[in-house]
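Please find below a colleague's note on the model under review. The points are numbered for ease of reply.

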Number of protein chains: 2
Amino acid sequence: MEKPGYLPPKYLFKALGARVIGVPVDSEGLVVEALPAEARAVYVTPSHQYPLGVAMSLSRRRALLTWAEHNNAVVVEDDYDSEFRFGGRPLEPLQTLDSTGRVVYVGTFSKTLLPTLRLGFMVVPPSLREAANKAKHVTDWHTAMITQSALARFIDDGAFARHIRRASRTYSERHEVLTAAIMRDFGDYLDLVPSSTGLHIAAYARRASVDHIDAIASRAFDLGVAIQPFRVEGEPQAGIMLGYGAIETARIAEGLRRLRSCFDERATRRPEAA
Amino acid sequence: MEKPGYLPPKYLFKALGARVIGVPVDSEGLVVEALPAEARAVYVTPSHQYPLGVAMSLSRRRALLTWAEHNNAVVVEDDYDSEFRFGGRPLEPLQTLDSTGRVVYVGTFSKTLLPTLRLGFMVVPPSLREAANKAKHVTDWHTAMITQSALARFIDDGAFARHIRRASRTYSERHEVLTAAIMRDFGDYLDLVPSSTGLHIAAYARRASVDHIDAIASRAFDLGVAIQPFRVEGEPQAGIMLGYGAIETARIAEGLRRLRSCFDERATRRPEAA
C-alpha cells in the first residue's frame, strides 16, 4: 500500500490476515522500485493519490504493470474520485493500460453522489472473476437491489452525467479558490501538493508544524473547520487534507481565516509550552 | 455449526480462516454434548433449525449456555424467520436466557420483508460491541441509510407489525396445507420434521430415496417445482426443504402432484438404470 495512504483498506487487509507493507509515494505517485518482491497484491490510488492528491505518472503506471507481471501480482486500482477533473487530460487508468489481466479497477458513487448509498463497483479481470463472485457471496450475497435499480435508472436517463458536469463546475471553483488561498496565505506553514481532480487537496506541514498537526486539526475542529491530518508512518512528515465537497465556495475564506489562526497560535507558543 | 446446517455462514467462517466443525442435530436441536471442547464460537438456529425446522428444546438451550460459559465460548443465535409462528408458544431466545453476555442475536428482514433489501440486525453483548463495530467498519463502514430510514419509518408507523400479522395468516394456511399433504401423500418417500414457525418445512428422505434426492430435486425443478435438497455430511441421510414463502396456497396441490411424480419415476426405475 501507499505510504501515506488510505487507512480503511489497510485495516481490512490486516483483518483478513494479510501482511501490509507501506511503500513510499513521491510527486509521480507510488515508488515502484520500492515494492517488496514478495508482495502478492498492490493497492494504489493512481488517479488522485490518497491523501496527497498527486496523479501517478504514465511511466510509473507502465513500471507498475511491468513489475506486477514480473512478480505475478495483482494490482487494485482504487479510482475513488477522478470523475471531477479541473484542467489537464486524464492519464489512462492502469486497468486500460494492462494487457495481462491483473488489474482490479474499483470505483464508488460515494463521492459523485452520496456516501450513504454504499454503492460502488469493480471491474474484475477474467482470472479473478470467480474468486470475486465467491468473496461477494460470502460477504453479503449481493448489494441491495432497490438503490442499485434507482441508480441504474439515474445513469440510463443521463441524469448522472448531467450531475457530474454540473457538480464539476462547482467543485472546480472551490478547488481554485482553495488552492490559490493556501499558496498565498499559508506558505509559511504548508507546502501544497498540486492536484487537478477530486474533492480534496493536501498539503505537507512545514517542519515547524509537523509535531503539532494533530493539535492544530483538533483546535480547528473546535472552531468549526474540519481538516483531516495525515502522517507518514516512520517518517518525520505530516500534513493535512482539505475537503471541499461539502463547503460552499463563499465560506472557504472564513474557514481558512480560522485555520490560519490555529497555525498562528501554535507558532507563537514557546516550544516548552507545546 | 449444526449438521445439517446453513451453508453460507460456513463458507464465510472458512473464508475468514476459522476451522468449522459440524455437530449433529436431533429432534431437540443441536446435540450439545457433541460440541468439541476447543470450539470458540457456536453458530445455531434454535428457533427454527436450518434446514430441519425443529425448535431447540428449553433444556438444550440451558445446556448450550452452560457449555458456552464453561468453555468461554460465544454463541451466535441466528433467528432468521421465527416472526411467523403457527400455534405453540415460542421458547425464550438464547439471548434472553443468557446471563453471562456471550450470545450474539442475529435477525433479518429478508424473510419478513424482502431479501433484496439486505437489511438485518445484531444484538451484541457489551464485551463484543467494540469488536463488532470494528468488523462492520472494515467490512462496509455502514449499511445504506436510505433503506434503513425507510424501514425505521415502516416499523415506527406500526406497518411492519401489521404486515407480520397479515402475512402470518397466509403463511399459516400454506404451512397447514403443505404439512397435511406431505404426511398424507408422501409417507412412502418422506419423513416430515414437525415445525411450527418460519417459511419452509423439511422432510428426511426414506432410505430408498436418499441416493436419488438430488436427481429428484433436479427433475422437479424442470417441472417448475423448486425444492431444496440437503445432505448430512458424512452420514447416509438426506432430505428436502419445501419453501412456501412464494407460492400461492391454491397452487400447492399441483406442485406436490408434480413432485410426487418425480419420486414415483425414480422408485419404478431399475437400480442399474439409476
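The points below treat the basis of the model, the relation of the copies, their contact, the sheets and the salt bridges.

1. Basis. This is a predicted model, in which local features need pLDDT of at least 70 and side-chain atom pairs count only at pLDDT 80 or more, whereas totals for chains, interfaces and linings use all residues. Residues are numbered from 1 along each chain as its sequence is written, chains are lettered from A and ligands numbered from 1 in the order in which they are written, and side-chain values use heavy atoms, with hydrogens and water left out.

2. Symmetry. Chain B is superposed on chain A by a rotation of 180° with 0.0 Å of shift along its axis, at an RMSD of 0.0 Å. The two copies are thus related as by a two-fold rotation axis. Within chain B, Leu16(B) has the C-alpha nearest the axis, 3.2 Å from it. The superposition is by least squares on the C-alpha atoms of residues with pLDDT of at least 70 in both copies.

3. Extent of the interface. Chain B and chain A each give 19 residues to the contact, where contact means heavy atoms within 4.5 Å. Of the interface residues of chain B, 100% are also interface residues in chain A, so the copies meet through the same surface. The area buried between the two chains is about 1600 Å², and carbon and sulfur atoms give 72% of it; buried area is the accessible area (1.4 Å probe) that two parts lose on being put together, summed over both. Thr116(B), Arg118(B) and Val138(B) supply 32% of the area that chain B buries against chain A, more than any other three residues.

4. Character of the interface. Between chain B and chain A there are zero salt bridges, a salt bridge being a side-chain nitrogen of Lys or Arg within 4 Å of a carboxyl oxygen of Asp or Glu. Six residue pairs are in polar contact between these chains, both residues being at pLDDT 80 or more. A polar contact is a pair of N or O atoms within 3.5 Å; within protein, one must be able to donate a hydrogen and the other to accept it, and residues adjacent in sequence count only if both atoms are side-chain atoms.

5. Elements at the interface. On the side of chain B that touches chain A, the elements giving two or more residues are helix 1 (7-15), helix 4 (126-140) and helix 5 (145-156) of chain B. Helix 1 of chain B has the largest share, four residues. Helices (H or I, at least four residues) and strands (E, at least two) are DSSP runs, numbered from the N terminus.

6. Sheet of chain B. Three strands form an open sheet in the order 1-2-3, with mixed pairing. Its edge strands, strand 1 (2-3) and strand 3 (29-30) of chain B, each pair on one side only. Two strands pair if DSSP finds at least two bridges between them.

7. Strands of chain A. Strand 1 (residues 2-3) and strand 2 (residues 23-26) of chain A run parallel and are joined by two bridges, with Lys3(A) opposite Pro24(A). Strand 2 and strand 3 (residues 29-30) of chain A pair in the antiparallel sense over two bridges, and Asp26(A) stands opposite Gly29(A). A hairpin through two residues joins strand 2 to strand 3 of chain A.

8. Salt bridges. Over all chains the structure holds 28 salt bridges. In one of them, Glu265(A) pairs with Arg219(A), the closest N and O atoms being 3.3 Å apart. Glu265(A) lies in helix 9 (residues 252-268) and Arg219(A) in helix 8 (residues 213-222) of chain A, so the pair ties together parts that are 46 residues apart in sequence.
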